[in-house]
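Student: I'd like to learn how to read salt bridges in a protein model. Can you walk me through it?

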Amino acid sequence: MLDASVCEIAPAKINLHLRVGCKRTDGFHEIESIFQAISLFDCVSVRVSEVFSLRCVNFDLPTENSLTKAYNVFCAMTGFQKPVEITALKRIPACAGLGGASTDAVALLKALNRLSGAGLSERELSSIALEVGSDCPFFVKAGAAFVAGRGEIVEPIKSASGCGLLLVPHAKSRTEQAYALLDKTRTSGSVELTRERKSRLIAMYATGEFSTWRGSSELFVNDFEKVIFENHREVAEAKDALLKAGADFALMTGSGSVVFGLFKSSEHLRSAELALKKRFRFCEPFVFI
């Protein structure tokens, strides 16, 4: 028997580390990253209806969007044929590097799995999620994970304790454009994933000592920062503002344009929020989840 309606929350993520290899023959890029889910959520609700419909109550979705794609992929792979009404509430900024489109898609897949009674396992949901987007498999479990391949290799790690601030500069960074800019700077080769670097990353992450993450040329870095900072100076200025406001560590997430700062002290975080919230259109505190 089908449930009448289902609602799922969709958490944002930040990249605490992101190395990007050159483009593969299939058009994707190899990545090496630590994904961290945070306490900023969208919400997706679904109910069986007479006709398919999709609306976002506070955002204009493009015609081609991750929710429609997720519904079509789920139906194709499970045989589910019921039309549904999908309603989304968005709090995660778009074009931000926070995984908003991907997490919404996975929330919908989870909701459809419950609504239809399909009973798919996490592994099966991850397989479907990868058909929707490279970042999607992580959101099946969320939390924290070491992520590699094009996003399909997700190794969960115990989530550390952390809190921080998100800043949204007055700039938009679209994923395809960011990868194109990065590809132009690459001459040959790719980021080499080594077991030793992976072990150091995970060990340093587990300490939660954010100040020790600063200054390395290969750990807790984001390969997109250089090209995005060159093309959108305001993104670099946002990162600098977080560090000047007392963040123990700051980094751009994903392909931008959001930057985040991590704080060991909640008092320092509150002080930074007061100092920065009038300067930036979006200044949001968060915790690791």
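Tutor: Let's go through the salt bridges of this predicted model.

Student: What can side chains of opposite charge do when their charged atoms come close?

Tutor: They can pair up. Here the count comes to 18 salt bridges.

Student: Okay, let's take one. Which residue does Arg24 form a salt bridge with?

Tutor: That's Asp26, with the closest N and O atoms 2.6 Å apart.

Student: Are Arg24 and Asp26 buried or exposed?

Tutor: In between. Partly exposed runs from 20% to 50% relative accessible area. Arg24 has 23%, so it is partly exposed, and Asp26 is partly exposed too, with 42%.

Student: What about Arg91 and Glu284, how should I read that pair?

Tutor: Their side chains meet in a salt bridge, 3.1 Å from N to O. This pair links distant parts of the chain, 193 residues apart: Arg91 sits in the loop between strand S4 and helix H2, while Glu284 belongs to strand S10. Arg91 is partly exposed, at 40% relative accessibility.

Student: And where do Glu209 and Lys264 lie?

Tutor: First the contact: the two side chains form a salt bridge at 3.8 Å, N to O. Glu209 lies in the loop between helices H5 and H6, and Lys264 in the loop between strand S9 and helix H8, so the bridge ties together parts 55 residues apart in sequence. Glu209 counts as partly exposed, with 37% relative accessibility.

Student: Which residues are linked in a network of salt bridges?

Tutor: Look at Glu32, Glu196, Arg197, Arg200 and Glu218: salt bridges link them into a network.

Key:
Residues are numbered from 1 along each chain as its sequence is written. This is a predicted model: local features need pLDDT of at least 70, side-chain atom pairs count only at pLDDT 80 or more; totals for chains, interfaces and linings use all residues. Side-chain values use heavy atoms; hydrogens and water are left out. A salt bridge is a side-chain nitrogen of Lys or Arg within 4 Å of a carboxyl oxygen of Asp or Glu. Buried means under 20% relative accessible area, exposed over 50%, partly exposed in between (1.4 Å probe, protein chains only). Helices (H or I, at least four residues) and strands (E, at least two) are DSSP runs, numbered from the N terminus.
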